[in-house]
Amino acid sequence: MTFDDFKLDDSLMEGLYSMGYKQPTPIQQQAIPVILDNKDLIACAQTGTGKTAAYLLPIINHILHAPTRHLNTLIIAPTRELVLQIDQQIDGMGYFCSVGSIAIYGGNDGIAWSNQKHALEEGVDIICATPGRLMALLQSGDINFEHLQHLVLDEADRMLDMGFFDDIKTIINYLPKKRQTIMFSATMPPKIRMLANQIANQPEQINIAISKPAAGIVQQAYVVYDNQKQALIKEILKNPDFQSVIIFSSTKDNVKLLEKELRLIDGSVKAFHSDLEQAEREEIMREFKGRRLRILIGTDILSRGIDVEGISLVVNYDAPGDPEDYIHRIGRTARASKAGVAITFINQRDQGKFSRIEDLMGIEVPKIALPAELGEGPKYDPEANKREFKKTGGGHGKKSFGGKGKSNFKGKPGGKPRR
Ligand code: AMP
């Protein structure tokens with residue numbers, strides 16, 4: 001199947017190819033025809049499957065063929081980060097067609113408010129919002145949903161985990177009853193099914209199963225305070241069985257810091273990051289493949305596509321953001337049916353995140369006691385982490401909308417959104 005099979009608008013196809021999409025992913029193959037057909041949809045798919053484009057492409061196509069342009073689509077997503085990612089994808093795909101979107105998320109300063117109001121007054125096709133912020137805007141009466149055609153709930157399970165169930169029900173009360181409802185969720189617990197039954201009309205269902213880690217990987221985790229991580233990694237690396245090691249850290253800066261620190265105990269360590277020249281990166285990979293380098297430290301750019309056999313240990317120095325990243329990272333070990341060990345350090349902040357990864361894989365990763373000389377680690381209580389998240393409103397309200405008072409309008413190249 002190719003994108004041509006969907007008969008999308010030419011301008012949309014141009015945007016798609018400029019983003020480098022050649023083949024539709026499985027979720028796109030299944031979801032795009034259903035949404036083009038105006039049916040409601042409940043899809044079980046994780047981040048990394050191409051789920052965002054799976055709903056954006058058919059929706060933008062509908063917008064391009066709408067007889068008149070009004071606020072057409074509301075996308076609700078749990079966090080500011082996700083809202084921004086979705087908005088960026090609308091920008092990319094809609095680059096050659098004049099589709100306007102606005103991202104609405106946390107922040108309560110006056111500039112943010114006036115930016116949002118200004119954007120809404122000028123008119124947009126798509127609003128992409130976190131539930132908390134959207135509630136505030138709805139109460140101020142600034143959004144007219146009269147002509148809304150599509151509602152998308154993205155990462156619905158996460159929104160419910162974060163305590164947004166009631167907010168979502170309230171928001172839906174503001175929307176026209178006759179609309180297309182599309183729901184994406186990484187998992188399908190009973191509460192999600194219940195919500196789906198209440199808000200969707202005879203929805204089609206699609207289920208894209210998450211990939212499973214290879215059977216030969218021994219997975220373990222340590223629950224740690226951040227200030228215990230360095231001592232712990234040094235302790236683990238004392239084990240001579242681990243002759244070929246990849247360590248994943250969350251940022252380039254952390255990768256560089258960790259390289260310096262580990263060099264104190266083992267000269268055979270190098271950092272792999274985007275500041276290096278291509279030739280340097282290739283040389284590091286050659287050394288690692290040739291077993292002349294024992295320890296490689298990197299960010300997620302290391303996790304995909306690297307095919308080195310016989311890696312004995314993968315360490316997630318920082319827990320990865322989503323299950324697909326976790327599976328890609330630990331999949332660097334135990335390749336070609338060999339055994340391998342994957343160890344994850346879970347600090348307090350990452351407990352809820354790691355428990356979601358476990359939920360999705362359907363397994364519980366054993367938590368190993370810290371070596372006595374490191375002292376006690378924190379208690380493992382991912383539920384407390386989720387409760388805390390809910391109490392503080394998670395990622396909401398910390399930063400202002402749109403950044404530094406800049407209009408967040410998106411639309412045709414260099415232009416404004418149109419109706
Ligand atoms: P998502 O699951 O929507 O978060 O998408 C994961 C990543 O895959 C994003 O960086 C997308 O830009 C990318 N992506 C989505 N669809 C395709 C495709 N058909 N071909 C290549 N990349 C894609």
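User: Which helices and strands do the buried residues of helix 4 pack against?
Analyst: This is a predicted model, to say that up front. In it, the buried residues of helix 4 pack against helix 1 (10-18) and helix 3 (51-64), plus strand 2 (73-76), strand 3 (101-104) and strand 4 (126-129).

User: And which residues in helix 4 are buried?
Analyst: Arg 80, Leu 82, Val 83, Ile 86, Asp 87, Ile 90, Gly 92 and Met 93.

User: How far does helix 4 reach from its first C-alpha to its last?
Analyst: It reaches 20 Å, close to the 20 Å expected at 1.5 Å a residue. Helix 4 covers residues 80-93, which is 14 residues.

User: Zooming out, how many helices and strands are in the chain?
Analyst: The chain has 15 helices and 13 strands. It runs to 419 residues, and 54% of them count as buried.

User: What share of the contacts comes from residues 24 or more positions apart?
Analyst: Counting contacts with a separation of 6 or more, 77% are between residues 24 or more positions apart.

User: OK, salt bridges. How many does the structure hold?
Analyst: There are 20. One of them pairs Asp 275 with Lys 256, with the closest N and O atoms 2.7 Å apart.

User: Why would you say that pair ties parts together?
Analyst: Asp 275 lies in the loop between strand 10 (269-272) and helix 12 (278-289), while Lys 256 lies in helix 11 (residues 252-263), so the salt bridge links parts that are 19 residues apart in sequence.

User: Are those two buried, exposed or partly exposed?
Analyst: Asp 275 is partly exposed, with a relative accessible area of 43%. Lys 256 is at 29% relative accessibility, so that residue counts as partly exposed too.

User: Sticking with helix 11, what do Glu 259 and Arg 263 do?
Analyst: Their side chains meet in a salt bridge, 3.3 Å from N to O. Both residues lie in helix 11, four residues apart, which is about one turn of the helix. Glu 259 counts as buried because its relative accessibility is 18%, below the 20% cut-off. Arg 263, with a relative accessible area of 40%, is partly exposed.

User: What does Asp 350 form a salt bridge with?
Analyst: Lys 353, and the closest N and O atoms are 3.2 Å apart. Asp 350 is buried at 6% relative accessibility, whereas Lys 353 is partly exposed at 30%.

User: Which residues are joined into one network by salt bridges that share partners?
Analyst: Lys 51, Asp 154, Glu 155 and Arg 158.

User: Switching to pockets. What's the volume of the second largest one?
Analyst: About 370 Å³. It is lined by 18 residues, and those closest to its centre are Ala 66, Asn 72, His 147, Gln 149 and His 150.

User: How does that lining split by class?
Analyst: Four residues are nonpolar, ten are polar and four are charged.

User: Now Gln 28. Where is it, and is it buried or exposed?
Analyst: Gln 28 sits in helix 2 (residues 26-36). It counts as buried, at 3% relative accessibility.

User: What is Gln 28 in contact with, leaving aside its neighbours within four places in sequence?
Analyst: Gln 28 touches Phe 3, Phe 6, Gln 23, Pro 33, Gly 50, Ala 53 and Ala 54.

User: And where's Gly 106?
Analyst: Gly 106 is in the loop between strand 3 and helix 5 (110-122). It counts as buried, with 8% relative accessibility. Its C-alpha is 7.5 Å from that of Gly 132, and the two residues are 26 apart along the chain.

User: Last thing, backbone angles. What's phi of Asn 38?
Analyst: It's near 65 degrees, a positive value in a residue other than glycine. Asn 38 is in the loop between helix 2 and strand 1 (41-44), and at 49% relative accessibility it counts as partly exposed.

User: And what about phi of Gln 202?
Analyst: That one is near 40 degrees, again a positive value in a residue other than glycine. Gln 202 lies in the loop between helix 9 (190-199) and strand 7 (204-207). At 73% relative accessibility, over the 50% cut-off, Gln 202 counts as exposed.

Key
Residues numbered from 1 in each chain as written. Predicted model: local features only at pLDDT ≥ 70, side-chain atom pairs only at ≥ 80, totals over all residues. Heavy atoms only, no water. Helix = DSSP H or I, 4+ residues; strand = E, 2+ residues; numbered from the N terminus. Expected span 1.5 Å × (residues − 1). Buried < 20%, exposed > 50% of the residue type's maximum accessible area, 1.4 Å probe, protein only. Contact = heavy atoms within 4.5 Å. 1 Å grid on protein atoms, 1.4 Å probe; cavity = no way out; pocket = protein on both sides within 12 Å on 5 of 7 lines; lining within 4 Å. Points joined across faces, edges and corners; volume = space filled by probe spheres on them. Nonpolar A, V, L, I, M, F, W, Y, C, P; charged D, E, K, R; others polar. Salt bridge = Lys/Arg side-chain N within 4 Å of Asp/Glu carboxyl O.
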